[in-house]
Amino acid sequence: MLERIYIAGPFLCLQELEAEAITDDMMEWFQDMELMRFYTNSGRRIDRDALSQAIRTGKENGDNYTLGIYHNESGCLIGTVKLGHINWRHRISDLATLIGDRRFYGKGLASEAVALGTRVAFEQLDLRALHTSMYMSNVASIKAYRKAGWIIEGRIKGYYIVDGKPEDQILEGCYNPKYFSEEEIRDLREKSKLYYEG
């Protein structure tokens, strides 16, 4: 069993959340339909019981970790990074990032949160690769992941339905240099323009 996860950067730190640490402010993020529009594909609401259970079960099974994003200067909890579901056989995982506190929008903090989550995955959990997917219209997230070193690897035509119209899905990945060569990663980066210009 891992010790409690913690990592710090210039402006943020990530710390593993316990179910008991869920706040009312945090739950407001998950009830905000504008925020959740891009966060959950199913459109299902995330309530306190479901979130608490997911945190407990993920920790017990060692296949999901919910990390709080804390602002170093103010000490505020401003969002979450979710690592999981982790496939330990292949040592891969999804990584989803949410900046929930709107006071911290537009400051470039999402890319630092993604970079810190990536470091946790590669340095502390020894995962080989990470993946995420997003709506093509979610330009802020696409840019935040790219700024954190992620690579656009694909685009699925009309994957989502948004306001009754099809929208493409953008696929991004990040690769642990312990397991992938510079040449492999460079080759993926060069191909990314086939899928997305921006």
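Start by selecting strand β4, residues 77-84. Of its 8 residues, 7 are buried, so β4 is largely enclosed by the rest of the structure. Buried here means under 20% relative accessible area, while exposed means over 50% and partly exposed lies in between, with a 1.4 Å probe and protein chains only. The strand and helix names come from DSSP runs (H or I of at least four residues for helices, E of at least two for strands), numbered from the N terminus. Before you go on, note that this is a predicted model, where local features need pLDDT of at least 70, side-chain atom pairs count only at pLDDT 80 or more, and totals for chains, interfaces and linings use all residues. Residues are numbered from 1 along each chain as its sequence is written, and side-chain values use heavy atoms, with hydrogens and water left out.

**Either side of β4**

Now add β3 (64-71). It runs antiparallel to β4, and 7 bridges join the two; strands count as paired if DSSP finds at least two bridges between them. Look for Ile69, which sits opposite Gly79 of β4. The two strands make a hairpin with 5 residues between them, and in the turn you can click on Gly75, whose phi is positive at about 80°.

Next, show β5 (92-99). It pairs with β4 in the antiparallel sense over 5 bridges. Which residue of β5 is the bridge partner of Gly79? Pick Ile99 and you have it.

**The whole sheet**

Time to show every strand. You get an open sheet of 8 strands with mixed pairing, in the order β1-β2-β3-β4-β5-β6-β8-β7. At the edges are β1 (6-8) and β7, each pairing on one side only. On average, neighbouring strands are turned by 25° against each other, direction ignored. Then bring in helix α1 (residues 24-31), which packs on the sheet, touches β4 and β5, and makes about 65° with the direction of β4. Such angles run from 0 to 180 degrees between N-to-C directions, using axes fitted to C-alpha atoms, for helices over the stretch in contact.

**Into the core**

Switch on side chains for Leu67, Ile69, Leu83, Leu130 and Trp150: these have the most contacts inside the largest nonpolar core, which has 33 residues. Such a core is a set of buried Ala, Val, Leu, Ile, Met, Phe, Trp, Tyr and Cys residues joined through side-chain atoms within 4.5 Å. Helix α4 gives the most to this core, with 7 residues. Centre on Leu130 and, leaving aside neighbours within four places in sequence, you'll find contacts that include Leu83, Leu95, Phe122 and Trp150; contact means heavy atoms within 4.5 Å. Apart from this core lies another, of 16 residues, among them Met26, Met27, Trp29 and Ile46.

**Last stop: three tyrosines**

Select Tyr135, Tyr159 and Tyr160, which form one aromatic cluster. Rings of Phe, Tyr and Trp (its six-membered ring) pair if their centres lie within 6.5 Å; planes under 30 degrees apart are stacked, over 60 edge-to-face, and the rest tilted. How many aromatic pairs does the structure hold? There are 4. The rings of Tyr135 and Tyr160 are stacked, because their centres are 3.8 Å apart and their planes at 20°. Tyr135 is in β6 and Tyr160 in β7, so this pair ties together parts 25 residues apart in sequence. Tyr135 is buried at 8% relative accessible area, and Tyr160 is buried at 6%. Tyr159 and Tyr160 have ring centres 5.0 Å apart and planes at 85°, so that pair is edge-to-face. Tyr159 itself is partly exposed, at 47% relative accessibility. To finish, follow Tyr160 across to Glu167, its bridge partner in β8.
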